[in-house]
Amino acid sequence: MFTKILIANRGEIACRVIKTARQMGILTVAVYSDADAESLHVNMADEAVYIGPSPSKESYLLGDKVIEAAIRTGAQAIHPGYGFLSENAEFCRACSDNNITFIGPPIPAIEAMGSKSAAKSIMEAADVPLVPGYHGDDQNPAIIKKAADEMGYPVLLKATAGGGGKGMRQVWSEDEFDEALAAAKRESLSSFGDDTMLVEKYLTQPRHVEIQVFCDNHGNAVYLFERDCSVQRRHQKVIEEAPAPGMTDELRSKMGESAIQSAQAIGYQGAGTVEFLLDVDGSFYFMEMNTRLQVEHPVTEMISGQDLVEWQLRVAAGEDLPLSQEQLKINGHAFEARIYAEDPNNDFLPATGTLNFLQPPIESENVRVDTGVRQGDDVSVFYDPMIAKLIVWDENRDKALQRLAKSLMEYRIKGVTTNIDFLYNLATAKPFVEADLDTGFIEKHHDLIFHKEETLLNDELPIAALYLVLAQKAQAQSKANNSKDPSSPWHQNNAWRLNEANLHRFEIEHNDVIYPVSVEEKRSGNSAYFMISINGKTLDCQGRIDGEQLFANIDGYRFNATIGENDNHYSLFRQSGVFHFSKVSPDLGQADDEANAGGLTAPMNGTMVSLLADVNEHVEKDQPLLIMEAMKMEHTIRAPSAGMVKEFYFTAGDMVDGGAELVDFVASTDEGA
Ligand code: ADP
């Protein structure tokens with residue numbers, strides 16, 4: 001086995017490889033650009049070598065620099081991760097010229113899969129099923145068109161050098177053909193410097209099902225089952241899962257055998273993925289083979305219990321495959337959701353910025369977060385804007401999907417726009433829950449996933465209002481319970497004040513629109529209920545909060561929902577999706593004055609999260625002093641006026657009783673004293 005390897009990559013995949021190498025007792029060398037000088041992968045590695053400016057063309061794509069770094073540090077092998085140099089035959093050759101092991105397939109295998117049409121010819125010869133089509137050398141447009149006419153429309157034009165969905169065009173009828181071919185050729189030429197085209201039958205409702213294969217250098221080959229990656233936007237994967245829903249043992253072994261045949265047809269070694277289109281009738285067709293570890297490999301790891309990076313290292317070091325086909329078993333179900341800095345409401349435009357607040361769900365044997373960033377890091381313009389991969393596992397699809405939704409709820413990121421809400425809405429959409437998948441899923445269910453505004457306002461606004469009322473009452477109650485005189489009428493927050501009209505007013509903000517709310521508290525026997533007026537309706541509401549759960553009854557309709565809070569910004573999670581709101585102006589009734597006064601005490605039992613001000617340093621009014629977590633929600637305690645903190649009575653991690661004094665704060669006028 002190697003004693004030291006270099007990882008020619010960055011971000012989450014570099015961190016992922018380092019983790020396994022460390023477990024195996026292998027030293028790691030990272031490479032980094034200017035933008036990554038302080039990044040997590042550099043921090044995690046045993047050594048790191050600077051390879052150039054931030055743009056990847058001037059650093060991570062420079063094979064020579066990477067090899068120089070390996071020679072300098074004595075690394076015996078290079079793991080390329082995915083992207084960058086991972087499918088670059090020239091780089092692979094340079095490694096071999098320098099006696100460095102490339103942790104990946106042999107050069108001819110990479111070359112064979114470099115062109116889609118050459119790959120198809122090889123697969124055809126190896127009896128692997130192909131989508132009907134034409135992938136010949138004769139590029140005469142009339143010949144390509146004739147093939148299209150013969151197989152019938154719709155057809156799909158593909159650039160043979162293509163990737164990432166570029167140079168692809170659907171053609172729905174004969175008269176659209178010439179124009180589409182010309183456009184696809186132009187796009188391909190500008191993206192890949194090559195305009196060779198192939199044409200194939202366009203399947204209208206296929207699923208993308210891919211098989212993970214592994215081959216060693218001793219003739220052994222296995223498949224580690226399938227992944228369903230049908231949910232795509234612009235032909236890019238969004239949520240992947242394993243195993244594929246509805247897969248039968250028979251089809252699985254047929255596809256698995258076919259994938260092994262594909263790999264063996266090109267003398268494959270190491271980890272590879274054979275991508276198939278699976279048609280509604282159960283026929284499947286070879287699409288392409290990716291000669292590297294895939295982004296979505298963790299779902300396979302979760303259901304097989306295997307570490308694919310460890311397998312890669314063992315195979316590259318010349319060992320046998322760790323297990324045989326008979327020893328491999330599927331256990332449970334896994335999902336991966338790709339958390340991106342991007343704006344789904346603006347055509348998934350990549351976003352950049354600083355991750356001011358980053359709180360992933362807590363990891364466990366069911367929840368795994370693969371990431372390359374920490375709180376405070378930047379998502380820069382230079383690289384792929386993926387923040388993390390959220391992977392969940394459970395014994396069956398339903399349970400795993402519930403975990404996915406829950407973990408997405410718990411994922412809190414501030415500072416950059418992310419696709420987390422979109423993923424949540426996707427994961428909870430009925431057709432997804434029912435596994436009614438195909439590659440057109442997002443387009444087909446667009447309205448459901450990006451839900452329509454009117455239904456939201458009707459349903460979610462009153463829920464949001466009820467929640468705020470209940471939360472405020474709970475806070476007042478907790479404060480009363482913790483005070484020295486709980487029976488003081490000041491702390492009564494119910495009908496005691498009914499001789500005054502017990503009317504609360506506040507405002508809710510949603511998508512930059514302000515909605516005034518008025519709430520009248522009433523009693524019937526022992527129980528309280530609220531008449532909530534919002535958005536032109538008055539509703540009879542009742543409910544209670546338990547942790548992050550809201551149990552509500554609105555005009556006789558009972559349901560529960562989950563609410564997350566971060567510094568007065570709330571997220572309401574329901575099966576229909578997520579709804580964000582904030583409370584604008586606090587109610588100025590007496591009970592609230594009481595609740596908000598002495599804001600330097602703990603609002604309820606909780607945990608100290610972080611101290612934000614320095615002792616004996618001047619702070620401005622409203623500057624955050626500390627963050628507490630109570631009822632799984634964060635509360636920021638702010639300076640009541642300009643002044644300074646003389647002492648914090650707790651440190652991060654301490655348990656704090658509700659009502660406890662948190663800081664010794666001196667207002668400005670007294671500061672000199
Ligand atoms: P790229 O290399 O550009 O990613 P692929 O050949 O891998 O292109 O195809 C990407 C996606 O395009 C597939 O996952 C699938 O959703 C869709 N696709 C490809 N070929 C077909 C086809 N013949 N019919 C329908 N959809 C297809």
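**Figure 1. Overall view of the predicted model.** Of the 673 residues in the protein, 54% are buried. The model is predicted, and its secondary structure comprises 19 helices and 38 strands. The C-alpha trace spans about 90 × 60 × 45 Å along the principal axes. The radius of gyration is 29 Å, which agrees with the value near 26 Å that a compact globule of 673 residues would have. Among contacts with a separation of 6 or more, 61% are between residues 24 or more positions apart. The exposed surface amounts to about 29,000 Å², of which carbon and sulfur atoms supply 47%. The protein carries 58 positive and 102 negative charges, and the mean positions of the two sets lie 2 Å apart.

**Figure 2. Close-up of Tyr 60 in the loop between β3 and α3.** The loop that holds Tyr 60 runs between strand β3 (47–52) and helix α3 (63–73). Tyr 60 counts as buried because its relative accessibility is 0%, under the 20% cut-off. Its side chain makes a polar contact of 2.5 Å with the side chain of Asp 36. Beyond its neighbours within four places in sequence, Tyr 60 is in contact with residues including Asn 9, Arg 10, Tyr 32, His 41, Ile 51, Phe 84 and Tyr 383. Met 409 is 349 residues from Tyr 60 along the chain, and the C-alpha atoms of the two are separated by 34 Å.

**Figure 3. Close-up of Glu 275 in strand β13.** Strand β13 covers residues 270–278 and includes Glu 275. Glu 275 has a relative accessibility of 5% and therefore counts as buried. The side chains of Glu 275 and Asn 290 are joined by a polar contact of 3.1 Å. With neighbours within four places in sequence left aside, the residues in contact with Glu 275 include His 208, Val 209, Glu 210 and Lys 237. Tyr 285, Phe 286, Met 287, Glu 288 and Gln 294 are also among the contacts of Glu 275.

**Figure 4. Close-up of helix α11, residues 308–316.** At the start of α11, a side-chain oxygen of Asp 307 comes within 3.0 Å of the backbone nitrogen of Val 309. The buried residues in the helix are Leu 308, Val 309, Trp 311, Gln 312, Leu 313 and Val 315. An α-helix has 3.6 residues a turn, so residues three or four places apart point the same way. Just after α11, Gly 318 adopts a positive phi of about 95°.

Technical notes. Residues numbered from 1 in each chain as written. Predicted model: local features only at pLDDT ≥ 70, side-chain atom pairs only at ≥ 80, totals over all residues. Heavy atoms only, no water. Helix = DSSP H or I, 4+ residues; strand = E, 2+ residues; numbered from the N terminus. Buried < 20%, exposed > 50% of the residue type's maximum accessible area, 1.4 Å probe, protein only. Polar contact = N/O pair within 3.5 Å; in protein donor to acceptor, adjacent residues only side chain to side chain. Contact = heavy atoms within 4.5 Å. Rg over C-alpha atoms; globule rule 2.2 N^0.38 Å. Areas by Shrake-Rupley, 256 points an atom, 1.4 Å probe, with all protein chains shown as cover. Lys, Arg positive; Asp, Glu negative; His and termini not counted. Charge placed at Lys NZ, Arg CZ, Asp CG, Glu CD.
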